[in-house]
Amino acid sequence: MSSHHPEAPSHRRFAARPVSLLPTEELAHRALSSRLMRTAVGLARWCGPVTPVDVDGVPDLADVRVAIEEFGLWPRALCRDREQREIWTEQLDSVSQAEEFLATWRTAQHLGMIECETGQARPAPELEHWLGSTGRILRWWTLAFHLCVDRALRGTAGLEPHTALGRLYESPNGARIPLRLVTQEVLPARETHYLPSRCPAWSTVLLTRALVQLADAGAVSMGWHDPWHDPWSDTSGAHGHRPGPAWVQLTDLGRFGIRQILLAEEQSAPLTEEFIRLDADEFLDALADFSPDGQLVALTAWLDARAPQQALREIVAASSGAGLALRRWNATMALGTISSRIEPDLYALLHSADPTVSSLASAVLLASRMLSDAERARLTAEFGRWTAIDMFAAATCLGETGLKSFLVSEAAEGIDRFLLGDVTRLWQPEHPDTREVLRVLGRHHPDPSIAARARAAEAHAPPRP
């Protein structure tokens, strides 16, 4: 039987782990400092007192050329090449080709910074007043971020936004995520299986372009291996020689923005100061939906707010008894992070009259790697079968897909054979979930011989007391 505590299979959806946010005044300052907002405000001021526009609310080509020059809205690949910029601007024969200008102009219009009527655009009359309002700035930025996310992730990279946003949001604060990992984890499966072999590299280019747009909004930062490398000095594109970024990092402003998206969708997005006040039962149940990174953040926050012995008492009280196998799964993980500080208490719990408590303590000790070989063998022999039933019972709560993932995972390796090695001991004492676990193993276990043994054990179960 493995001594490692179980880790839930990778079935989890994106669930928002607890986060801490900067004060709103600082967030508003960073929002206004972002390239996207800074340029949107600049364009709104630039169009005053009035600028002629067409029926679509877009200035004529001559005015657009002036704005491009003033605000640096050329294609990124040209930003460090003045000669090429001038050639591109002169050859511009349609405003639709000025993508950087159009995206920012439309954003300023959408936010209400620019008003268009009777063929003229002008700054909103209250623009300067609004720029002094923290709440207004954050509402502006949040709406602009929503637009940017959809344009960048769905439009440019072809990604479902929650896939990429979830990966960033669930990472610990300050984590620099290697871009290769982001590419591997969030690119759609269709790109891997149905497109030519060169497409994964092309997809990384598209993802990088999307992340650059999020960086313009101040939501992420990116870094290169060479700190002196100018990322926009070379030609861009799938066949260019400019090295891609090495890592991407969610900023404090980006964390605020993703949380606003979650709240708008009526999803739970707890703040750390709220999360640490949860009772142990709510805390343990919440862990089931977090990613591994999210679990680490949530565990650290909740446990750091309590003395180790207090955390142990609260967790044991919330996870003991029948029907709580999945909660004990998470309790094992939580207590495992503080096991070295509660070792004597765990040994004391081995003598509990409640077998769910003693098996929980045993599972935490076995996962701690603090035991000698002899002590490990003793605990496995005394509590192992009950703990194994608990693990499988927890896995059945994950649904059929989660259960099948668990059965082929490293965490389940050898436990099934250990469980069925001495069937008579399954009933001494009988775990309340033993019969259901045997039924599920008999139906879903990928090894036909183990499935048959589970069905036989279920058929020969003693009469219920």
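A cavity, as I use the word here, is a set of grid points where a 1.4 Å probe fits but cannot get out. With that rule I counted 2 cavities of 30 Å³ or more. I am working from a predicted model, so I kept its confidence cut-off for local features, a pLDDT of at least 70, in mind.

**Entry 1: the whole chain**

I began with the overall picture. The protein has 465 residues, and 50% of them are buried. I found 24 helices and 6 strands in its secondary structure. I then turned to contacts with a separation of 6 or more, and 72% of these join residues 24 or more positions apart.

**Entry 2: the second largest cavity**

I looked up the second largest cavity, which holds about 40 Å³ of space. Its lining includes Leu168, Ser171, Pro172, Asn173 and Gly174. Gln249, Leu250 and Arg255 are also among the residues that line this cavity. By class I get 5 nonpolar, 4 polar and 1 charged residue in the lining.

**Entry 3: the largest pocket**

Next came the largest pocket, with about 830 Å³ of space. I listed 31 lining residues, and Arg76, Glu99, Glu100, Thr156 and Gln213 lie nearest the centre of the pocket. Which helix gives the largest share of the lining? It is helix 5, with 8 residues. Helix 2, helix 5, helix 7 and helix 11 each supply at least two lining residues. The lining divides into 13 nonpolar, 9 polar and 9 charged residues.

**Entry 4: helix 2 and the turn after it**

Helix 2 (35-46) helps to line that pocket, and I wanted to know how enclosed it is. Of its 12 residues 9 are buried, so the rest of the structure largely encloses this helix. Among the buried ones I noted Leu36, Met37, Val41, Leu43 and Trp46. I also checked the helix length: at 1.5 Å a residue, its 12 residues should span 16 Å, and the end C-alpha atoms are 16 Å apart, which agrees.

Pro49 sits in the loop between helix 2 and strand 1 (51-52). The peptide bond from Gly48 to Pro49 is cis, with omega near 0°. I flagged this bond because most peptide bonds are trans.

**Entry 5: two positive phi values**

I looked for residues other than glycine with a positive phi and wrote down two. Thr118 has a phi of about 50°, and Thr118 is in the loop between strand 2 (114-117) and strand 3 (120-123). Is Thr118 buried or exposed? With 72% relative accessibility, Thr118 is over the 50% cut-off and so counts as exposed.

Glu266 has a positive phi near 60°. I placed Glu266 in the loop between helix 12 (252-264) and helix 13 (272-275). Glu266 is exposed, because its relative accessible area of 75% is over 50%.

**Entry 6: two buried residues**

Arg306 lies in the loop between helix 15 (292-304) and helix 16 (308-319). Buried or exposed, I asked of Arg306? Its relative accessible area is 13%, under the 20% limit, so Arg306 is buried. The Arg306 side chain reaches the backbone oxygen of Trp302 at 3.0 Å. Leaving out residues up to four places away in sequence, Arg306 touches Ile276, Arg277, Leu278, Ala311 and Glu314.

Val182 belongs to helix 9 (residues 179-186). I marked Val182 as buried because its relative accessibility is 4%. Val182 and Ala164 are 18 residues apart in sequence, and their C-alpha atoms are 7.6 Å apart.

Definitions and conventions
Residues numbered from 1 in each chain as written. Predicted model: local features only at pLDDT ≥ 70, side-chain atom pairs only at ≥ 80, totals over all residues. Heavy atoms only, no water. Helix = DSSP H or I, 4+ residues; strand = E, 2+ residues; numbered from the N terminus. Buried < 20%, exposed > 50% of the residue type's maximum accessible area, 1.4 Å probe, protein only. Polar contact = N/O pair within 3.5 Å; in protein donor to acceptor, adjacent residues only side chain to side chain. Contact = heavy atoms within 4.5 Å. 1 Å grid on protein atoms, 1.4 Å probe; cavity = no way out; pocket = protein on both sides within 12 Å on 5 of 7 lines; lining within 4 Å. Points joined across faces, edges and corners; volume = space filled by probe spheres on them. Nonpolar A, V, L, I, M, F, W, Y, C, P; charged D, E, K, R; others polar. Expected span 1.5 Å × (residues − 1).
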